[in-house]
Amino acid sequence: MIFLNMQRASLVKDAFVYKPDCVIFDLEDAVAESEKDSARIQLYHTLAELDYQGVERWVRINALDSDLFEEDIRAAVAGGAEGIRLPKTEKAEDVQLVENLVEAAEKEFGREVGSTMLMAALESPLAIINAYEIAGSSKRLMGIALSAGDFTRTMHSKRTNEGNELFYARSQMLVAARAAGVMAFDTVYTDVNDMDGFANEVQMIADMGFDGKSCISPKQISVAHEIFNPTQKEIDHAIHVIEAVKESEDQGIGVLVVDGKMVDIAWVEGAQRVLNLAKASGQYKGDLV
């Protein structure tokens with residue numbers, strides 16, 4: 001998912017050409033205080049009038065301690081955004097407040113109730129402590145996301161290429177997301193010229209189990225896709241696992257060897273996830289999922 005400054009029309013009018021999975025129209029930090037109202041008006045017209053060709057359109061609203069977020073929500077829902085990202089989420093009540101306002105806006109503007117998803121950004125030590133509570137706070141909440149800028153600032157730590165300063169936060173958030181049954185997204189990599197560093201970080205968080213990476217430059221998108229998309233070897237192995245386990249069940253066999261590895265029924269879930277990812281990315285067109 002790539003962040004786009006809603007204050008700059010040139011950035012948002014055709015960002016779908018870079019083929020992100022979703023765009024996040026940013027009304028918060030990227031927009032100057034004097035431009036908040038005009039950015040919101042531009043947001044509505046962008047959502048209502050531009051065809052993003054299947055790319056999900058999300059809106060990062062202003063913080064809940066501002067006097068801006070309620071109108072942000074109304075504009076986002078009125079325009080038909082697929083989702084709203086809450087900044088600086090620290091407790092379940094934050095999500096529930098936004099949930100109630102979103103439902104009211106859906107009714108006001110004739111949108112299907114429940115159609116607007118939510119994502120909560122965790123940006124503080126308290127948010128990380130409350131990660132599970134936040135992750136389970138609403139049926140609309142499809143995921144939680146780490147925002148490292150404010151987190152490292154409040155922790156008095158520094159961003160490093162190794163990422164040790166974020167290891168606990170990432171781990172805690174990821175465990176909370178899995179326990180609550182929602183997705184987990186990693187923070188942005190701010191050095192847009194260090195593509196090797198970006199690739200290393202994406203590989204690390206993909207290996208940890210994250211579902212996606214936040215981007216701030218179009219050139220980061222293809223790298224994130226390449227790393228998160230399954231390899232052909234992984235796809236082939238997933239197909240072999242599903243087919244072999246199904247055959248073994250028919251024969252009453254519990255454990256078997258597939259591609260030189262011992263597998264059982266527990267492997268099927270992981271294999272199906274690989275094929276789901278491969279189908280979503282256009283790499284697999286079969287019917288095992």
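**Exercise 1. Place the salt bridge between Arg74 and Glu71 in its helix and judge its exposure.**

Step 1. Start with the contact. Arg74 and Glu71 join their side chains in a salt bridge, at 3.0 Å from N to O. The term means a side-chain nitrogen of Lys or Arg within 4 Å of a carboxyl oxygen of Asp or Glu. The model is predicted: local features need pLDDT of at least 70, side-chain atom pairs count only at pLDDT 80 or more, and totals for chains, interfaces and linings use all residues. Residues are numbered from 1 along each chain as its sequence is written, and side-chain values use heavy atoms, with hydrogens and water left out.

Step 2. Locate the pair. Both residues lie in helix 3 (residues 69-79), three residues apart, about one turn of the helix. Helices (H or I, at least four residues) and strands (E, at least two) are DSSP runs, numbered from the N terminus.

Step 3. Check exposure. Buried means under 20% relative accessible area, exposed over 50%, and partly exposed in between, with a 1.4 Å probe and protein chains only. Arg74 is partly exposed at 29%. Glu71 is partly exposed too, at 38%.

**Exercise 2. Describe the salt bridge of Asp150 and Arg153, then find the network that holds them.**

Step 1. The closest N and O atoms of Asp150 and Arg153 are 3.4 Å apart. Both residues sit in helix 7 (residues 148-155), three residues apart, about one turn of the helix.

Step 2. Compare the two ends. Asp150 counts as buried, at 19% relative accessibility. Arg153 counts as exposed, at 53%.

Step 3. Widen the view. Salt bridges link Asp26, Glu28, Arg60, Lys88, Asp150 and Arg153 in a network. The count of salt bridges comes to 22.

**Exercise 3. Which parts of the chain does the Arg170 and Glu201 pair link?**

Step 1. Arg170 forms a salt bridge with Glu201, with 3.5 Å between the closest N and O atoms. The pair links distant parts of the chain: Arg170 is in helix 8 and Glu201 is in helix 9 (residues 195-208), 31 residues apart.

Step 2. Read the accessibility. Arg170 is buried, with a relative accessible area of 0%. Glu201 is buried at 4%.

**Exercise 4. Trace the open sheet and explain what sets its edge strands apart.**

Step 1. Write the order. The open sheet has eight strands in the order 1-2-3-4-5-6-7-8, with parallel pairing. Two strands pair if DSSP finds at least two bridges between them.

Step 2. Find the edges. Strand 1 (2-5) and strand 8 (212-213) stand there, each with a single partner strand, so one side of each has no neighbour in the sheet.

Step 3. Add the helix. Helix 8 (residues 167-180) packs on the sheet and touches strand 5 (117-122), strand 6 (141-146), strand 7 (183-186) and strand 8. Contact means heavy atoms within 4.5 Å. The direction of helix 8 makes about 160° with that of strand 7. Axes are lines fitted to C-alpha atoms, for helices over the stretch in contact, and angles run from 0 to 180 degrees between N-to-C directions.

Step 4. Pair the strands. Strand 3 (residues 56-60) and strand 4 (residues 83-89) run parallel and are joined by three bridges. Trp58 stands opposite Gly83 in strand 4. Strands 6 and 7 are parallel over three bridges, and Gly143 has Met183 in strand 7 as its bridge partner. Strands 7 and 8 are parallel over two bridges, and Phe185 stands opposite Gly212 in strand 8.

Step 5. Judge strand 4. Six of its seven residues are buried, so strand 4 is largely enclosed by the rest of the structure.

**Exercise 5. Which residues make the nonpolar surface patch, and how exposed is Val257?**

Step 1. Val255, Val257 and Met262 make a nonpolar patch of about 320 Å². Patches are made of residues with over 30% relative accessible area and no salt bridge; like charges are joined within 9 Å, nonpolar side chains (Val, Leu, Ile, Met, Phe, Trp, Tyr) within 5 Å. Accessible areas come from the Shrake-Rupley method with a 1.4 Å probe; for residues, only the protein chains shown count as cover.

Step 2. Val257 is found in strand 9 (residues 256-258). Val257 is exposed, at 61% relative accessible area.
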